[in-house]
Amino acid sequence: ASSDNRWTGKAFYHQSFYPGASADASAMSANITYATQYMTATLNQSLVGSDYLAEAGYIRRTGYYEINPAYQYKFFPASSRIANHGPIATADFLFDPSLNQTDRELQVSYQVEWMNKSIFQADVEDTYILLKDPFDPTNSGGDSLKANTDYHWNEVSASFTSDIRKPFNYKISGLYGGYYNGTRFTLNGELYYRIQPYSSLAVVTSYNKIDLPSPYSSAEFLLIGPRLDITFTDKLFFTSLVQYNNQIDNLNLNLRFQWRFAPVSDLYIVYTENSFPTDYRVKNRGLVLKLSYWFN
């Protein structure tokens, strides 16, 4: 970081050591950001070898080089209601070890932020992908798109986030556009209500309608997840989450009790159950006890 904090950056290098590892069993990444009151410019780069193993972590894929630039500019109008507004441009390119492009996402957005912290954003996105393996976009058991075929599509989306400082706040978003060789329509909604300092209630919903040409499968997916958090004292907490997923015909229940009996030391009791949503027959259930203690 520079002394005025306008320039910030980070870099790392990881090397995997295991029998049979080749010279490309490494991963490295670097990013740098220049930020002022009006603009922010960022450049991220990553290189992950084909034989890299993240034994103590998780990576989405191996054998690629990625470069991800982004730029945002903010206007500060004299209006007493709007805090700032301006364009955002991001790009994400992925290449194989021979530097052939396999993925690309280009997005142009415009964001408006009000004084009450509400935010509206509209986006236009261009996507390209080359499939490395056969892939069913709906994951419904239908015909799969063939490996080594490429797809290009465009989509538009918009979202609005209300003032999160208020006890009741929400976020809504919608998307429509291409999806591989078909189309996709998405609606998302999030509702939050806080009864400070005792509890909070949230409901998250997601609807996706994917239309693909024959012989590929089309599908409609619905995900609903209410959540309740209760704070009994500054040491006793309870969280409950129920989630309905029609894609896998599943109703999930998760109950968690937490007792913070000492600083950074907790006792967790967690009950999880998965069942069929029609007749509530249990698929599986589990009870977990976790104890953490901070030695200081």
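The following exchange introduces a predicted model through questions and answers.

Colleague: Which strand partners does β12 have, and how many bridges join β12 to strand β13?

Modeller: Strand β12 covers residues 219-231 and pairs with strand β11, residues 199-211, in the antiparallel sense over 12 bridges. On its other pairing, with β13 (residues 236-245), the strands also run antiparallel. The number of bridges joining β12 to β13 is seven.

Colleague: Which residue stands opposite Asp229 in β13?

Modeller: β12 and β13 form a hairpin, with four residues between them. Within this pairing, the residue opposite Asp229 is Thr239.

Colleague: What is the bridge partner of Asn208 in β12?

Modeller: The pairing to consult is that of β11 with β12, which is antiparallel. There, the bridge partner of Asn208 is Phe221.

Colleague: Which elements give two or more residues to the largest nonpolar core?

Modeller: The largest nonpolar core has 11 residues, among them Tyr151, Trp153, Ala219 and Phe221. The elements that supply two or more of its residues are β8 and β12.

Colleague: Which residues belong to the second core?

Modeller: This core is separate from the largest one and consists of five residues. Those that can be named here include Val48, Tyr52, Tyr64 and Leu94.

Colleague: Which residues does Ile210 touch, leaving aside those up to four places away in sequence?

Modeller: Ile210 is one of the residues of the largest nonpolar core. Two of its contacts, Tyr179 and Phe221, are listed in that core, as is Ala219. The full set of contacts is Pro137, Thr138, Tyr179, Thr183, Arg184, Ser218, Ala219 and Phe221.

Colleague: Which strand gives the largest share of the lining of the largest pocket?

Modeller: The largest pocket has a volume of about 750 Å³. Its lining draws at least two residues from each of β1, β2, β3, β4, β5, β6, β7 and β8. The largest share, five residues, comes from β7.

Colleague: How do the lining residues of the largest pocket divide into nonpolar, polar and charged?

Modeller: The lining comprises 35 residues, and Arg60, Arg61, Tyr64, Glu66 and Leu94 lie nearest the centre of the pocket. By class, the lining residues are 19 nonpolar, four polar and 12 charged.

Colleague: Is Ser275 buried or exposed?

Modeller: Ser275 is found in strand β15, residues 265-275. Apart from residues up to four places away in sequence, Ser275 touches Asp249, Asn250, Leu251, Tyr280, Arg281, Val282 and Lys283. Because its relative accessibility is 4%, Ser275 counts as buried.

Colleague: Why does Leu201 count as partly exposed?

Modeller: Leu201 has its place in strand β11. Its contacts beyond four places in sequence are Leu191, Tyr192, Tyr193, Arg227 and Leu228. Leu201 counts as partly exposed because its relative accessibility is 44%.

Colleague: How many Å apart in space are Leu201 and Phe95, C-alpha to C-alpha?

Modeller: In sequence, Leu201 and Phe95 are 106 residues apart. Their C-alpha to C-alpha separation in space is 43 Å.

Colleague: Where does Ser22 lie, and how many Å separate Ser22 from Ser50 in space?

Modeller: Ser22 lies in the loop between β1 and β2. With a relative accessibility of 32%, Ser22 counts as partly exposed. Ser22 and Ser50 are 28 residues apart in sequence. From C-alpha to C-alpha, their separation in space is 8.8 Å.

How values were computed
Residues numbered from 1 in each chain as written. Predicted model: local features only at pLDDT ≥ 70, side-chain atom pairs only at ≥ 80, totals over all residues. Heavy atoms only, no water. Buried < 20%, exposed > 50% of the residue type's maximum accessible area, 1.4 Å probe, protein only. Contact = heavy atoms within 4.5 Å. Pairing = 2+ DSSP bridges. 1 Å grid on protein atoms, 1.4 Å probe; cavity = no way out; pocket = protein on both sides within 12 Å on 5 of 7 lines; lining within 4 Å. Points joined across faces, edges and corners; volume = space filled by probe spheres on them. Nonpolar A, V, L, I, M, F, W, Y, C, P; charged D, E, K, R; others polar. Core = buried A, V, L, I, M, F, W, Y, C linked by side-chain atoms within 4.5 Å.
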